[in-house]
Amino acid sequence: MLWMWLLCFVFVCNSERIYEGLVVYHDELKLPDLPYDYNALEPYIDEATVKVHHLGHHKTYGDNTNKALKEWREADPTSPLARSSIVRILQEITEVPETWQVAIRNNGGGFVNHVIYWATMCPNGGGSPSGELMMQINRAFGSYVAFQEHFTSAASKLFGSGYVWLCENVKGGLVIMSTKNQDSPLSDGLYPLLVVDIWEHAYYLKHQNKRAGYIQSWWNTVCWDEVPKLQRFWHQSRNSL
């Protein structure tokens, strides 16, 4: 139907823009608009949660990152790394001066992690991947079912707050990894393709302490058409990072 095609077209255009700015230097990080309405992930992720998650938590990570970056750049106006993209800074996080390293790891990581989280969900999501991505998953994990079981298990068992990711390594292989707090896979030399946010603020309004219910619901929002686009974006961006 025409309206569904238009919805997908708008989503794809917006979601590409939501992460493209991560590899470009900015004086200040700007909170990106979501590539869908706040109620678009219903009934799986509720409007109230998406709104407070985006306008509250995500925005705060950006604001705190900007504060740390401003202080660092003023203190060391000749630092090339301080004037790099947030992705490059996270990739080189151990080179950030100790005065600002923790603030940028936590808040810069939180800012980027949320961009990937929003970008890889969409209305009418779920299902399974296809094409080359499905073949890569089968090679790495044996089958899509095995991948989904492994990913779900990692998300269920993660203690405390953090994320579970599907990432690509520099050799093109796919791996599942967990990160604590707001740590980024970029700091471990990996490129994030898909993520589930395991912080309680991602699901508590709807699911309370029932993390398993949230994870099951989240699978219905995964935008498998977007994951290969993000993968190609990383491939194209590597030479500039």
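**Glu168, helix 6 and the nonpolar cores**

Biologist: Which residues does Glu168 touch, if we skip those up to four places away in sequence?
Modeller: In this predicted model, Glu168 touches Gln136, Gly173, Leu174, Leu190, Tyr191, Leu193, Gln231, His235 and Arg238, with residues up to four places away in sequence not counted.

Biologist: And is Glu168 buried or exposed?
Modeller: Glu168 counts as buried because its relative accessibility is 2%, and this residue is found in strand 1, which covers residues 162–168.

Biologist: What does the side chain of Glu168 make a polar contact with?
Modeller: The partner is the side chain of His235, at 2.6 Å.

Biologist: Switching to helix 6, which of its residues are buried?
Modeller: Tyr144, Phe147, Phe151, Ala154 and Ala155 are the buried residues of helix 6, and seen down the helix axis they fall within an arc of 100°, so they line one face.

Biologist: What do those buried residues pack against?
Modeller: They pack against helix 5 (131–141), strand 1, strand 2 (174–180), strand 3 (191–197) and helix 8 (211–219), whereas the face of helix 6 turned away from the buried side carries the exposed residues Val145, Glu149 and Lys157.

Biologist: Which residues touch the most other members of the largest nonpolar core?
Modeller: That core has 60 residues, and those touching the most other members are Phe147, Tyr214, Trp218, Trp224 and Trp234; helix 4 (residues 98–119) gives the most to this core, with seven residues.

Biologist: What other core lies apart from it?
Modeller: Another core, of ten residues, lies apart from the largest one, and includes Ala68, Trp72, Leu81 and Val96.

How values were computed: Residues numbered from 1 in each chain as written. Predicted model: local features only at pLDDT ≥ 70, side-chain atom pairs only at ≥ 80, totals over all residues. Heavy atoms only, no water. Helix = DSSP H or I, 4+ residues; strand = E, 2+ residues; numbered from the N terminus. Buried < 20%, exposed > 50% of the residue type's maximum accessible area, 1.4 Å probe, protein only. Polar contact = N/O pair within 3.5 Å; in protein donor to acceptor, adjacent residues only side chain to side chain. Contact = heavy atoms within 4.5 Å. Arc of directions from axis to C-beta. Core = buried A, V, L, I, M, F, W, Y, C linked by side-chain atoms within 4.5 Å.
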